[in-house]
Amino acid sequence: MALTRITTASISSNSISADKMQNAAIQARHFQTGTITLDLMDPAANSAASETRLNANIDVVQSNVAINQTAVNTVQGNVVAAEANVVLVRSNVDSLGTFANASLDTKANVSATLFLARANDLATFTHITANLDIVQDNVANIIDGTTPFTGAITMNDDLTVQGNLTVAGTFANLAVTDSYTDDRMIMLANAFTGSPSLDVGLLFNRGNQGNAAFFYDESVNSFKLADTKDPNSNTSLSPVSLSNLALGKLSYDGTDLSTAIVDNRSGAISSVFATNLTASRALSSDGSGKIAAATTTLVELNHLSGVGSAVQTQINTKDTIANVASANTALHANDFVTFTRLNANVNVVSANAVGAETRLNANLDIVQDNVAALSGGAILLTPFTNVNTSTSTSNVFFLGKPIGTPANVLFVAIDGVLQVKDVPGTSNNDYVVTVANNTIALTDASIPAGLTITTQIVF
């Protein structure tokens with residue numbers, strides 16, 4: 001049979017909702033004065049459903065905000081839809097209140113539950129509206145592109161930025177275990193301009209030990225690997241000590257560095273690698289093509305200093321007058337003068353030799369005569385040598401003993417050079433003997449001082 005009256009026995013929990021109560025047919029058939037009171041309804045049922053849908057829309061809005069600029073329009077649409085849902089929720093709440101006041105028993109039947117429900121709905125609506133305002137502000141900032149977000153934001157999930165990311169703060173603290181970059185070139189101090197004065201590089205934290213650094217030291221214009229006590233706030237590093245560098249393999253011009261070093265000292269230099277040569281010697285190559293010390297000394301080598309052409313060629317052309325150019329006339333003249341003097345000296349030496357030979361013969365004759373005289377009972381004559389030193393004021397020198405006859409003067413020498421007296425066939429006399437005062441007088445009127453005049457006589 002048809003249900004004509006709804007009683008408390010036939011209404012179960014959550015069986016009546018606002019959308020059913022708004023149905024006119026249901027109201028005409030089933031609602032009668034005093035048959036339904038708010039204590040038989042679940043006042044939070046419709047609010048919970050609306051809040052669930054609203055939260056779902058807010059989640060969509062937040063997801064859209066986290067992606068890119070293209071999705072902003074979708075976010076705005078979702079925000080509008082969310083606002084519409086809120087308006088609908090409030091409308092439903094107002095309708096429910098109006099209906100309760102007008103259609104239910106009387107105002108006296110509106111229990112405290114309705115006021116509590118409306119109070120809860122109003123609080124929920126207030127919170128939702130505040131959150132939507134924040135969402136709308138953030139969406140407006142995204143669209144604007146210049147207005148910054150306000151307040152600290154904590155992202156508890158992954159964040160993907162499709163566009164560029166610019167951090168304009170003082171520092172960025174990346175508290176991550178692993179970091180990756182597709183950049184092939186990492187630029188440090190990218191915003192710096194002008195003449196460099198500060199160091200640039202990487203600083204490594206070593207806990208309770210000093211820091212380590214790989215940096216370009218502007219004070220010496222070179223890269224350094226060093227241990228340092230400088231903190232990361234310093235822009236000029238002061239190394240405590242330079243660090244060691246351990247490498248597996250180095251290359252030089254495409255060749256392993258150790259091989260290149262061995263090759264570069266395995267040739268001519270291998271004989272002197274880490275070994276000193278004989279001091280002050282010219283360098284030469286030995287029979288194996290290795291660097292060696294020559295027998296020629298450095299002093300001998302310096303004798304060639306200033307030589308402008310081949311020495312043998314100069315020797316070969318030295319006496320060839322025809323090959324002497326006009327520029328060498330003075331040189332040849334000097335050579336000719338030297339040659340002339342040499343000939344003169346040779347002539348003097350020859351003359352001295354002739355004179356010495358003559359005197360030797362004379363002395364031999366005297367000796368022979370003396371021997372003959374001694375054999376005949378004559379008296380033996382004794383040789384006597386006297387030495388004088390010239391004073392430049394006189395050319396007369398004493399013989400030191402009476403001679404009796406000029407023939408008893410055996411020889412006269414100046415600094416060991418024999419002087420000529422009565423050379424046969426010549427008029428050359430280097431000295432004259434004076435028997436009266438036992439002296440000799442050199443034919444040169446002026447004799448330099450300090451010469452040794454040696455005479456020898458027999459008496």
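## Close-up views of a predicted model

**Figure 1. T454 in its strand.** T454 lies in strand 15. The model shown here and in the views below is predicted. T454 has a relative accessibility of 19%. The cut-off for buried is under 20%, so T454 counts as buried. Setting aside residues up to four places away in sequence, T454 touches T385, N386 and V387. T454 also touches F411, V412 and A413. A413 is the bridge partner of T454 as well.

**Figure 2. T455, the next view along strand 15.** T455 is also found in strand 15. Its relative accessibility is 0%, and T455 therefore counts as buried. Neighbours within four places in sequence are left aside in the contact list for T455. F384, T385 and N386 are in contact with T455. So that the list is complete, F398, L399, F411, V412 and I440 are added as contacts of T455. T385 and N386 appear among the contacts of T454 too. In a regular strand, side chains alternate between the two faces of the sheet.

**Figure 3. The open sheet of four strands.** The sheet is open and holds 4 strands in the order 9-15-11-12. Its pairing is antiparallel. Strand 9 (383-389) and strand 12 (417-418) are the edge strands, each pairing on one side only. Strands of a sheet pair through backbone hydrogen bonds, either parallel or antiparallel. Strand 15 covers residues 452-458 and is joined to strand 9 by 7 bridges. T385 stands opposite Q456 of strand 15. On to strand 11: 5 bridges join strand 11 to strand 15, and the two run antiparallel. Strand 11 is joined to strand 12 by 2 bridges, again antiparallel.

**Figure 4. A413 and the hairpin.** A413 has a bridge partner in strand 15, T454. In strand 12, the bridge partner of A413 is L418. Strand 11 and strand 12 make a hairpin, with 2 residues between them. D415 sits in the turn, and its phi is positive, at about 50°. Most residues other than glycine have a negative phi.

**Figure 5. Strand 11 and the largest nonpolar core.** The largest nonpolar core has 14 residues. V409, Y431, I440, L442 and I453 touch the most other members. Strand 11 (409-414), strand 13 (431-434), strand 14 (439-442) and strand 15 each give two or more residues to this core. Strand 11 gives the largest share, 3 residues. Strand 11 is mostly covered, with 5 of its 6 residues buried. Which residues does V409 touch, not counting those up to four places away in sequence? V409 touches L399, I403, Y431, V433, Q456 and I457. Y431 is one of the core members with the most core neighbours. I440, another of them, is in contact with T455.

**Figure 6. The second largest pocket.** The space in this pocket is about 690 Å³. Rolling a probe the size of a water molecule over the atoms shows where empty space is left. The lining holds 17 residues. Which of them lie nearest the pocket centre? They are F171, A172, L174, M187 and L188. By type, the lining divides into 10 nonpolar, 6 polar and 1 charged residues.

**Figure 7. Two loop residues with positive phi.** A189 is not a glycine, yet its phi is positive, at about 55°. A189 is found in the loop between helix 5 (112-144) and strand 1 (200-204). With a relative accessible area of 49%, A189 is partly exposed. S392 is also a residue other than glycine, and its phi is positive, near 70°. The loop holding S392 runs between strand 9 and strand 10 (396-398). S392 counts as partly exposed, at 43% relative accessibility.

**Figure 8. The whole chain, for context.** The chain has 9 helices and 15 strands. Of its 459 residues, 20% are buried. Now take the contacts between residues at least 6 apart in sequence. Of these, 51% join residues at least 24 apart.

Key. Residues numbered from 1 in each chain as written. Predicted model: local features only at pLDDT ≥ 70, side-chain atom pairs only at ≥ 80, totals over all residues. Heavy atoms only, no water. Pairing = 2+ DSSP bridges. Buried < 20%, exposed > 50% of the residue type's maximum accessible area, 1.4 Å probe, protein only. Contact = heavy atoms within 4.5 Å. 1 Å grid on protein atoms, 1.4 Å probe; cavity = no way out; pocket = protein on both sides within 12 Å on 5 of 7 lines; lining within 4 Å. Points joined across faces, edges and corners; volume = space filled by probe spheres on them. Nonpolar A, V, L, I, M, F, W, Y, C, P; charged D, E, K, R; others polar. Core = buried A, V, L, I, M, F, W, Y, C linked by side-chain atoms within 4.5 Å.
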